[in-house]
Amino acid sequence: VRYAFSEDVTLTSTSGTIGTAAAIGGHLDLHSTSGDLYAMGFLNTVTAHSTSGKVSLGGKTVDGDCIATTAELRTTSGGIRVKTATLESLTAQTGSGGIRMESVTVTEATDLETTSGEITLLYTAGGTLTAETGSGGIDLTDTTVAGHIQAETTSGSIRFARADAETLDLKTTSGSVKGSLLTPKIFYTDTTSGSVDVPKSTVGGLCEIQTTSGSIRITIEE
């Protein structure tokens, strides 16, 4: 049985794992130095900050789903995981850890940032998506966004599999941009030494792709 709280809830720990699967009508605030953090259940707003621990929202158990309005998840060296969750907006930021989302719906804005970790989205839908990483790659599989996708990485690659958005802005320095989209796009590509292979179309939203030494290969799903 899940507990219910109508007020704000704050949970803190130094090295132990903390979390909740309760229904919380106020604000949920989770803090830890080296311990892991997790939150599930029916929530209002959530902040979860850890230095070296992992941060998880939803999906920890079979019944571990999550419904919330906004979530702000931050960790320095740990990973961030969001699974089977429905939110209005999501901010996730980590230094050396990766960010993974699976079976998630974010109706408004999703903002993801990591320094050296991978960003992976599976079966995810949303309003807009911003994904930035330094040396990690960005993978979007069966992920659709109603508005704009902005994806940027320095040395990693950007990969799509049956992904889509109204417009896309994709940038990488030494990585490649490859994959499949669901609907036609008008492509604008810019690369210094890489090869380019994209469909020729005069309909659809704009898809801008920039890379210095990586190749660009995009197909449209039939």
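This passage describes strand pairing, the nonpolar core, a cavity and three individual residues in a predicted model.

A convenient place to begin is strand 18, which spans residues 164-172. On one side of the account stands strand 16, covering residues 144-153, which runs parallel to strand 18 and is joined to it by 8 bridges. Within this pairing, H148 is found opposite T167 of strand 18. Strand 18 also pairs with strand 22, made up of residues 205-211, again in the parallel sense, and here 5 bridges are found. L170 offers a handy landmark for this second pairing, as its bridge partner in strand 22 is I209.

L170 leads directly to the interior of the model. The largest nonpolar core comprises 51 residues, and L170 is listed with L73, V82, L112, I149 and F160 as having the most contacts inside it. Strand 12, residues 99-114, provides the largest share of this core, with 5 residues. As a general background, nonpolar side chains in soluble globular proteins tend to be buried together. Leaving aside residues up to four places away in sequence, L170 touches I149, A151, I158, F160 and V177, together with C207, E208, I209 and Q210. Two of these neighbours, I149 and F160, thus appear beside L170 in the list of residues with the most contacts inside the core.

Strand 12 returns in the description of the cavity. The structure holds 1 cavity of 30 Å³ or more, and the volume of the largest cavity is about 40 Å³. Its lining is formed by M101, T110, L121, T124, A125, G126, T128, L129, T143 and V145. Strand 12 and strand 14, the latter at 125-133, each contribute at least two residues to this lining. Of the elements involved, strand 14 gives the most, with 4 residues. In character, the lining is divided into 5 nonpolar and 5 polar residues, with no charged ones.

Three individual residues round out the picture, starting with A161 in strand 17, residues 158-161. A161 has a relative accessible area of 18% and is classed as buried because this value falls under 20%. Its contacts, apart from residues up to four places away in sequence, are with L140, T141, D142 and S180. For one of these, T141, the C-alpha separation from A161 is 4.6 Å, although the two residues are 20 residues apart along the chain.

S215 lies in the loop between strand 22 and strand 23, the latter at 216-220. Despite this loop position, S215 is buried, with a relative accessible area of 15%. Residues touching S215, again not counting those up to four places away in sequence, are S176, V177, K178, G194 and S195. V177 is also among the residues that L170 touches.

T51 is likewise found in a loop, in this case between strand 6 (41-50) and strand 7 (55-57). Its relative accessible area is 39%, and T51 is therefore partly exposed, as this lies between the 20% and 50% limits. With residues up to four places away in sequence set aside, T51 touches S32, T33, T75, T76, S77 and G78. Between T51 and Q150, which are 99 residues apart along the chain, the C-alpha atoms are separated by 27 Å.

How values were computed: Residues numbered from 1 in each chain as written. Predicted model: local features only at pLDDT ≥ 70, side-chain atom pairs only at ≥ 80, totals over all residues. Heavy atoms only, no water. Pairing = 2+ DSSP bridges. Core = buried A, V, L, I, M, F, W, Y, C linked by side-chain atoms within 4.5 Å. Buried < 20%, exposed > 50% of the residue type's maximum accessible area, 1.4 Å probe, protein only. Contact = heavy atoms within 4.5 Å. 1 Å grid on protein atoms, 1.4 Å probe; cavity = no way out; pocket = protein on both sides within 12 Å on 5 of 7 lines; lining within 4 Å. Points joined across faces, edges and corners; volume = space filled by probe spheres on them. Nonpolar A, V, L, I, M, F, W, Y, C, P; charged D, E, K, R; others polar.
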